[in-house]
Amino acid sequence: MMANNENSVFLNLKEYFRYLGSIPTSRNLLEGGAVLNAGHIMMCGNLGKSSRVIEIFGLCLQTSALSSDPHEIMGKIIINEETAIISAFTCSCKAGLGGSCKHISAILLECTRLYKFNVFDV
């Protein structure tokens, strides 16, 4: 966890690896990084905050059918004191119900790179 100030929390790579149950050479991590680096994430954002739960929604191009409807990724990141904990992600792809497909990996990697979650007192 890296905090820029006392009211900010970043999603760290340790939590990313823990949630996906992966090591740096795991297929979902390698392919997720490739999806992100290829620019296939069309959208990734926060649907709103409910106390300390961040609801993430993302759209990702289908790698094998770029002109088809994008995959929809949804999930939650829970802010617990000074940590961000990944919880319950799903994707509309065939492997997405397991919560660790390459599209989910790409969205979560995007979150580690770009998003700082502000922590508000509840």
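Visitor: Let's start with one residue. Which residues is His40 in contact with, leaving aside its neighbours within four places in sequence?

Guide: Happy to start there! Leaving aside neighbours within four places in sequence, His40 is in contact with Val35, Leu59, Cys60, Leu61, Thr63 and Leu66. Please keep in mind that this is a predicted model.

Visitor: Where is His40 found, and is His40 buried or exposed?

Guide: His40 sits in the loop between H2 and strand S2 (41-50). Its relative accessibility is 14%, and because buried means under 20%, His40 counts as buried.

Visitor: How much confidence does the predictor have in this model?

Guide: The average pLDDT of the protein is 83, and 84% of the residues score at least 70. Confidence is highest in H2, at 93, and lowest in strand S6 (residues 116-118), at a mean of 55. Over residues 1-5, pLDDT stays under 50. For that stretch the model has 11 contacts beyond four places in sequence.

Visitor: Let's look at H2, then. How do I read the sides of a helix?

Guide: Here is the general idea: an α-helix has 3.6 residues a turn, so residues three or four places apart point the same way. Now the case here. In helix H2 (residues 27-37), the buried residues are Asn28, Leu29, Gly32, Gly33, Val35 and Leu36. They cover an arc of only 160° around the axis, which puts them on the same side of H2.

Visitor: Which exposed residues does the face turned away from the buried side carry?

Guide: That face of H2 carries Arg27, Leu30 and Asn37. For Arg27, the relative accessibility is 65%, so Arg27 counts as exposed.

Visitor: How many salt bridges are there?

Guide: The count comes to 2 salt bridges. One of them is in H2: Glu31 forms a salt bridge with Arg27, and their closest N and O atoms are 2.8 Å apart. Glu31 and Arg27 are 4 residues apart in helix H2, so about one helical turn separates them. Glu31 is partly exposed, with a relative accessible area of 28%.

Visitor: Which residue forms a salt bridge with Glu15?

Guide: That is Arg18, with the closest N and O atoms 2.6 Å apart. Arg18 and Glu15 both lie in helix H1 (residues 13-20), 3 residues apart, which is about one turn of the helix. Look at their surroundings too: Arg18 is partly exposed, with a relative accessible area of 48%, whereas Glu15 is buried, at 10%.

Visitor: Next come the rings. How many aromatic pairs does the structure hold?

Guide: The structure holds 2 aromatic pairs. For Tyr16 and Phe17, the ring centres are 5.6 Å apart and the planes stand at 75°, so this pair is edge-to-face. Tyr16 counts as buried, at 2% relative accessibility, while Phe17 counts as partly exposed, at 25%. Tyr19 and Phe89 also form an edge-to-face pair, at 6.2 Å centre to centre and with 70° between the planes. Because Tyr19 lies in helix H1 and Phe89 in strand S5, this pair ties together parts that are 70 residues apart in sequence. Phe89 is buried, with a relative accessible area of 2%.

Visitor: What does Phe17 touch, not counting residues up to four places away in sequence?

Guide: Phe17, which is found in helix H1, touches Ser22, Ile23, Pro24 and Leu29. Phe17 and Leu29 are 12 residues apart along the chain, and their C-alpha atoms are separated by 8.4 Å. You have met Leu29 already, among the buried residues of H2.

Visitor: My last topic is the backbone. How do I read a phi angle?

Guide: The general idea is that most residues other than glycine have a negative phi. In this structure, Ala88 has a positive phi of about 55° although it is not a glycine. Ala88 has its place in strand S5 (residues 83-91), and at 53% relative accessibility Ala88 counts as exposed.

Visitor: Which residue just after H2 takes a positive phi?

Guide: That is Gly39, with a phi of about 80°.

Notes. Residues are numbered from 1 along each chain as its sequence is written. This is a predicted model: local features need pLDDT of at least 70, side-chain atom pairs count only at pLDDT 80 or more; totals for chains, interfaces and linings use all residues. Side-chain values use heavy atoms; hydrogens and water are left out. Buried means under 20% relative accessible area, exposed over 50%, partly exposed in between (1.4 Å probe, protein chains only). Helices (H or I, at least four residues) and strands (E, at least two) are DSSP runs, numbered from the N terminus. The arc is that of the directions from the helix axis to the C-beta atoms. A salt bridge is a side-chain nitrogen of Lys or Arg within 4 Å of a carboxyl oxygen of Asp or Glu. Contact means heavy atoms within 4.5 Å. Rings of Phe, Tyr and Trp (its six-membered ring) pair if their centres lie within 6.5 Å; planes under 30 degrees apart count as stacked, over 60 as edge-to-face and the rest as tilted. pLDDT is the predictor's confidence in each residue, from 0 to 100.
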